[in-house]
Amino acid sequence: MKRNILARRAASAALAACMMFSLSAPALAASTDALLQQSTAAKNAVSVLDEENDMMAEEPEYQMNLKYGSITVYIGDDGKQYAKQGDNEAQQSGNLSITTDGSTTANTLTIEGGTIGAKVTLSNVKIETTSNAAVSVSGNVELIIAGTNTNTLRSGTDHAGVEKADDNGTLTISGTGTLEAYGGQGGAGIGGARNKNAGNIVIEGGTIKANGGTWGAGIGGGQSAAGQNITIRDGNVTAIPGGEAAGIGGGYQGSGKNITIEGGTVYSRSGGGSGPVAAIGGGRVYGKGENIQITGGNVTLKTVDDDDIYIGNGQEEAEIDPSKLLGTITKLDKDGNQVDEIVQYFKITINDTPVTRKNYTDILGNDILYYDIEKKTLKLKDGKSFESALTITAPEDVSIDLEADASHVVNGDLTVNGAKDVKVTKLGGGAAAAIEGKAEIRCSGDVILQNWGGDTHDGRNLTKYGLTVQANTVTTEGGINGEAIIDCTRDIVLGNEWGTTVSKLTVKNANNVTVTSGSAYRSIEQGVEITCSGTVKISGTRPIEGDVKIDAGEDVSLECVGDHDVIDIKAAGKVELNSYRLNPNLGKVIFNQTNGKPYVYFTAKSSEEYKDSRITRIPEIIESSYLRIEPRRLTALP
């Protein structure tokens, strides 16, 4: 029977998700390492003993009733689980269920799991004792709360409702039923007895109501004792402490350390009293809260006195990093009024609205934009367009992919600050631009802008009033109306099969720059200025209009040059210029070989005769439709 899972869970209880807020990082490292080592050893022992003792097969349920006497469950020398009631002979009972049939008894349940681990189910149990712990556990124990039953455990003075020994074992509570645990004076609801620390408590399910006795934590340490290595993964958990103790963490004068909430619904309040105490963390006076992590779940915290705190210790409220919070933290004052709500914030803002765990499926309430948490991508819903200006701020690990099957993608300006990759795609619609305004994009990754909508005569524009980009690479398919100002670390590839590619182009920095156009349209309409470390290639059968200024680290090729005042080129490689077929001459050309090196030039494409710039300077006015310039080599050119 698969019953000895406690040791397997011990490591993950301490090594919970990322640290959300920390008052002592070194303490976290030390406690985590120690718990990992002990849990790894326990895990190995469990695996071996499971195989050797044939404990993987399911056993029939063995039920015992506490009204006939107190019960002790333990692991025998043979590695198997036994249960002993009163003076009766112990019975092997791997699949053990304990009940009182809903009636109240003063008899108690003791579970000694050792390193192997014991597993016990509570079903409709009611225990009320004045001098002992209703249920006490030691070693590795899995306590299952059965079905829809309510199990009520009330312990006597100095004892916890479910009393966890101060040892290296792990108590895991799971199931679908209800457990109400009440500590006596000085005892925790679930955890330590008076003056006894409690650690390695994991809650994985059920409805759990843990009520500490006077000076005892709801879940954690008893009076003058600490509660540590406490993990809540799921379930509906309520933690009510006694006076001056924490709801989850330390009892009066006790610290609360390594507390993690990964999921479920959790309510915890402070104990109040004559001094500050935490809802989660340390008790009053000497209690400290360290390494408290809330990475999931819906958590409600309440203080009962004005000077109490929500998370931390008696002197300082812990800082919360909302970017690592997967759930919600609601803070209530002593009158139950909400004073704050903290939800996971993805460090994304849309038109000044933060994207949080609450609104990520419908960010602005218009059912248009959503954030895909798994892919870390901001998207439009169902091909819809955004019907106003759109401003996005995002961290460098978040991408933006706006795709709309509509007349436009954004009906206004698009501004992106931060983000990784940015992609805008228009799939359908008519003559409107994909971005019916200007676009300003500053990101760490790649920018892809595409317009596949509209008829061929529409021009398929990307922007209406210009484009400014700072990115890694830029790739476009569609026209950029207005000036395009691009600053890239790598390549730029601009194209438009159905219209002018760029009205005016300025490249401040790039590697290689390629601009192409369809056969009937211009690649560049109002001039170009490019600075890059690699090659420049501008091609098309319609002319580049306007002045051309290029500073390139390698080759430059201008396929079709039309009306201009000047072509000004500096390059380290080969330069090839072709005028538009209706213009017989290239006109004014200024050229400088990088670092002042000598070069040769040709004025006819088929000619093998070159002129050496050291002997014959290049004419200021090129009275030919073709010019090729090459660095002068030591060997003779053809």
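**Stop 1: Asn 229**

Start by selecting Asn 229, which counts as buried because its relative accessibility is 11%, below the 20% cut-off. You'll find Asn 229 in strand E20, which covers residues 227-232. Now show its side chain together with that of Asn 258: a polar contact of 2.9 Å joins the two. One thing to keep in mind as you click around is that this is a predicted model.

**Stop 2: the sheet around E20**

Next, widen the selection to the sheet that holds E20. It is an open sheet of nine strands with parallel pairing, and if you walk across it you meet E1-E5-E8-E11-E14-E17-E20-E23-E26 in that order. Which strands stand at the edges? Color strand E1 (62-65) and strand E26 (289-294): each has a single partner strand, so one side of each is left without a neighbour in the sheet. Look along the sheet for its twist, which averages 15 degrees from one strand to the next.

Stay at the E1 end for a moment. E1 pairs with strand E5 (residues 96-99) in the parallel sense, over four bridges. To see how the two strands line up, label Met 64 and Ile 98: Met 64 stands opposite Ile 98 in E5. As a reminder of what holds such an arrangement together, strands of a sheet pair through backbone hydrogen bonds, either parallel or antiparallel.

**Stop 3: a sheet of 10 strands**

Now move to another open sheet, this one with 10 strands and mixed pairing. Its order is E6-E9-E12-E15-E18-E21-E24-E27-E29-E30. The edges here are strand E6 (104-105) and strand E30 (338-343), and each of them pairs on one side only.

Zoom in on strand E27 (residues 298-302) and strand E29 (residues 328-332). They run parallel, joined by five bridges. Pick Thr 300 and look across to E29, where its bridge partner is Thr 330.

**Stop 4: Leu 364, in a loop**

For a change from strands, select Leu 364, in the loop between strand E32 (353-356) and strand E33 (369-372). Is Leu 364 buried or exposed? Somewhere in between: it is partly exposed, because its relative accessible area is 29%. Leaving out residues up to four places away in sequence, Leu 364 touches Ile 350, Asn 351, Thr 353 and Phe 386. If you draw a distance from Leu 364 to Asn 351, the C-alpha atoms come out 8.8 Å apart, for residues separated by 13 places along the chain.

**Stop 5: Gln 450**

Head along to strand E40 (residues 446-451) and pick out Gln 450. Gln 450 is buried, with a relative accessible area of 19%. Turn on side chains and you can spot its polar contact with the side chain of Thr 425, at 3.3 Å. Apart from neighbours within four places in sequence, its contacts are Lys 423, Val 424, Thr 425, Lys 426, Leu 462 and Glu 477.

**Stop 6: two nonpolar cores**

Which residues have the most contacts inside the largest nonpolar core? Select Leu 505, Ile 530, Leu 558 and Ile 569; the core has 77 residues. Strand E44 (residues 479-488) gives the most to this core, with four residues. Center on Leu 505 and bring up what surrounds it: beyond four places in sequence, its contacts are Ala 484, Ile 486, Leu 494, Val 515, Ile 524, Gly 527, Val 528, Glu 529 and Ile 530. Then jump to a second, separate core of 56 residues, with Ala 83, Val 135, Ile 145 and Ile 294 among them.

**Stop 7: Cys 532**

Back up the numbering, Cys 532 lies in the loop between strand E48 (528-531) and strand E49 (536-538). Although it is in a loop, Cys 532 counts as buried, at 8% relative accessibility. Cys 532 touches Ala 510, Asn 511, Val 513, Asp 551, Ala 552 and Gly 553, setting aside residues up to four places away. From Cys 532 to Asn 511 it is 21 residues in sequence but 5.3 Å in space, C-alpha to C-alpha.

**Last stop: the whole chain**

Zoom out and color by pLDDT. The mean for the protein chain is 88, and 89% of its residues reach 70 or more. Where does pLDDT stay under 50? Select residues 1-56, for which the model has 119 contacts beyond four places in sequence.

With everything in view, the chain has two helices and 58 strands. Of its 638 residues, 56% count as buried. Among contacts between residues at least 6 apart in sequence, 55% join residues at least 24 apart.

Terms used: Residues numbered from 1 in each chain as written. Predicted model: local features only at pLDDT ≥ 70, side-chain atom pairs only at ≥ 80, totals over all residues. Heavy atoms only, no water. Pairing = 2+ DSSP bridges. Axes fitted to C-alpha atoms, helices over the stretch in contact; angles between N-to-C directions. Core = buried A, V, L, I, M, F, W, Y, C linked by side-chain atoms within 4.5 Å. Buried < 20%, exposed > 50% of the residue type's maximum accessible area, 1.4 Å probe, protein only. Contact = heavy atoms within 4.5 Å. Polar contact = N/O pair within 3.5 Å; in protein donor to acceptor, adjacent residues only side chain to side chain. pLDDT = per-residue confidence, 0-100.
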